Amino acid sequence: MWHIFPALFLTLPLAATPKTPAPPSTPAAAAKPAAVPDAKSAEVVAKVQHYYRTINKLEAKFKQTYTKTVFGKKSSSEGKLYLAKPAKRRWDYKIPDVKFFISDGKVLWAYEKANQQAFRRDLKDELLPVAVSFLFGQGELSKDFEASPDPGKYGQKTDVVLKLVPRKPTAQYKHLWLVVDPTDFHVKESIIQEASDNLNHFKYWDIRLNAETHFEDKH
């Protein structure tokens with residue numbers, strides 16, 4: 001279970017607008033997002049950051065595809081996530097196995113139903129990675145990453161796809177991609193390339209924001 005923890009923690013959760021449709025069945029590799037001029041990359045990043053500063057709570061359905069690049073092996077999971085600023089988050093996995101990740105920003109609890117096992121990890125002395133800190137109103141994407149357009153591999157034809165390379169190298173990951181809807185600059189997909197070159201790909205849909213969420217009902 002814990003092999004996905006670092007990447008999962010980095011990709012907490014990139015929301016979209018309320019009640020967006022489920023991701024299409026067309027393989028991401030076949031899609032060809034529109035190119036964005038280099039000069040506009042910084043502007044897109046700023047608008048993405050502004051979007052998330054307006055959100056206090058969200059819930060969303062998600063699909064996670066984890067690819068072990070060396071072996072070409074993929075595993076998929078689905079479930080629902082919840083977020084409440086400043087630091088509460090919960091991931092409820094339903095497919096293929098039931099398991100939960102729950103955190104208040106200080107402690108992370110994980111539970112596997114099949115094995116009836118619970119795990120606890122102390123987070124109070126750990127800093128939230130910059131790849132996710134902006135979602136909680138912290139950090140600056142433009143200061144922490146160099147952004148450039150990278151169409152053709154992820155997203156759909158009308159999406160904006162940005163590749164973000166950390167300005168300071170990190171042992172956790174090499175870079176990440178954000179698939180952005182240009183109508184309001186919410187993120188529809190997030191993909192992290194880990195230091196091992198494994199890929200952790202999340203797609204989000206059926207999003208509910210702020211008052212429409214049921215986050216407090218889950219605690």
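Below are exercises on a predicted model, each with a worked solution.

**Exercise 1. The sheet**

Find the order of the strands in the open sheet, and say which strands stand at the edges.

*Solution.* Start with the order. The sheet is open and has 11 strands, running β6-β5-β4-β3-β2-β1-β11-β10-β9-β8-β7. The pairing is antiparallel. Next, look at the edges. β6 and β7 (145-149) each have a single partner strand, so one side of each is left without a neighbour in the sheet. Last comes the twist, which averages 20° from one strand to the next.

**Exercise 2. A helix on the sheet**

Work out which strands helix α2 touches.

*Solution.* Locate α2 at residues 41-53. This helix packs on the sheet and touches β7, β8 (160-166), β9 (173-180), β10 (187-194) and β11 (199-209). Then take the direction: α2 makes about 90° with β8.

**Exercise 3. Two hairpins around β3**

Trace how β3 is joined to β2 and to β4.

*Solution.* Begin with β2 (residues 73-84). Seven bridges pair β2 with β3 in the antiparallel sense. The two strands form a hairpin, with three residues between them. One bridge sets Ala84 against Lys88 in β3.

Now move to β4 (residues 99-103). Five bridges join β3 (residues 88-95) to β4, and these strands run antiparallel. Here too there is a hairpin, joined through three residues. Arg89 has Ser103 in β4 as its bridge partner. Tyr93 stands opposite Lys99 in β4. Lys99 also lies over the face of the Tyr93 ring, at 5.2 Å from the ring centre.

**Exercise 4. The nonpolar cores**

Name the residues that touch the most other members of the largest nonpolar core.

*Solution.* This core has 33 residues. Those with the most touching members are Val48, Phe62, Leu81, Trp91, Leu164, Leu176 and Val180. Ask next where the members come from: α2 gives the largest share, five residues. Another core lies apart from this one. That second core has six residues, including Val161, Val179, Ile191 and Leu199.

**Exercise 5. Two ring pairs**

Classify the pairs Phe62–Trp91 and Phe100–Tyr111 as stacked or edge-to-face.

*Solution.* Two values are needed. A pair of aromatic rings is described by the distance of the centres and the angle of the planes.

Take Phe62 and Trp91. Their ring centres are 4.9 Å apart and the planes stand at 75°. An angle over 60 degrees counts as edge-to-face, so that is the class of this pair. Phe62 is in strand β1 (residues 57-68) and Trp91 is in β3, 29 residues apart. Phe62 has 0% relative accessibility, so this residue counts as buried. Trp91, at 2%, is buried as well.

Take Phe100 and Tyr111. The centres are 6.3 Å apart and the planes at 15°, so the pair is stacked. Phe100 lies in β4 and Tyr111 in β5 (residues 107-112), so the pair ties together parts 11 residues apart in sequence. At 16% relative accessibility, Phe100 counts as buried. Tyr111, at 32%, counts as partly exposed.

One more step: look for a larger group. Ring pairs link Phe62, Trp91, Tyr93, Phe101, Phe202 and Tyr204 into a cluster.

**Exercise 6. The surroundings of Ala118**

Identify the strand that holds Ala118 and the residues that Ala118 touches.

*Solution.* Ala118 is in strand β6 (residues 117-122). Leave out residues up to four places away in sequence; Ala118 then touches Ala110 and Tyr111. Finally, compare with Lys99. Ala118 and Lys99 are 19 residues apart in sequence, and their C-alpha atoms are 9.5 Å apart in space.

Methods: Residues numbered from 1 in each chain as written. Predicted model: local features only at pLDDT ≥ 70, side-chain atom pairs only at ≥ 80, totals over all residues. Heavy atoms only, no water. Helix = DSSP H or I, 4+ residues; strand = E, 2+ residues; numbered from the N terminus. Contact = heavy atoms within 4.5 Å. Pairing = 2+ DSSP bridges. Axes fitted to C-alpha atoms, helices over the stretch in contact; angles between N-to-C directions. Core = buried A, V, L, I, M, F, W, Y, C linked by side-chain atoms within 4.5 Å. Buried < 20%, exposed > 50% of the residue type's maximum accessible area, 1.4 Å probe, protein only. Phe/Tyr/Trp six-rings, centres within 6.5 Å; stacked < 30°, edge-to-face > 60°. Lys NZ or Arg CZ within 6 Å of the ring centre and 35° of its normal.
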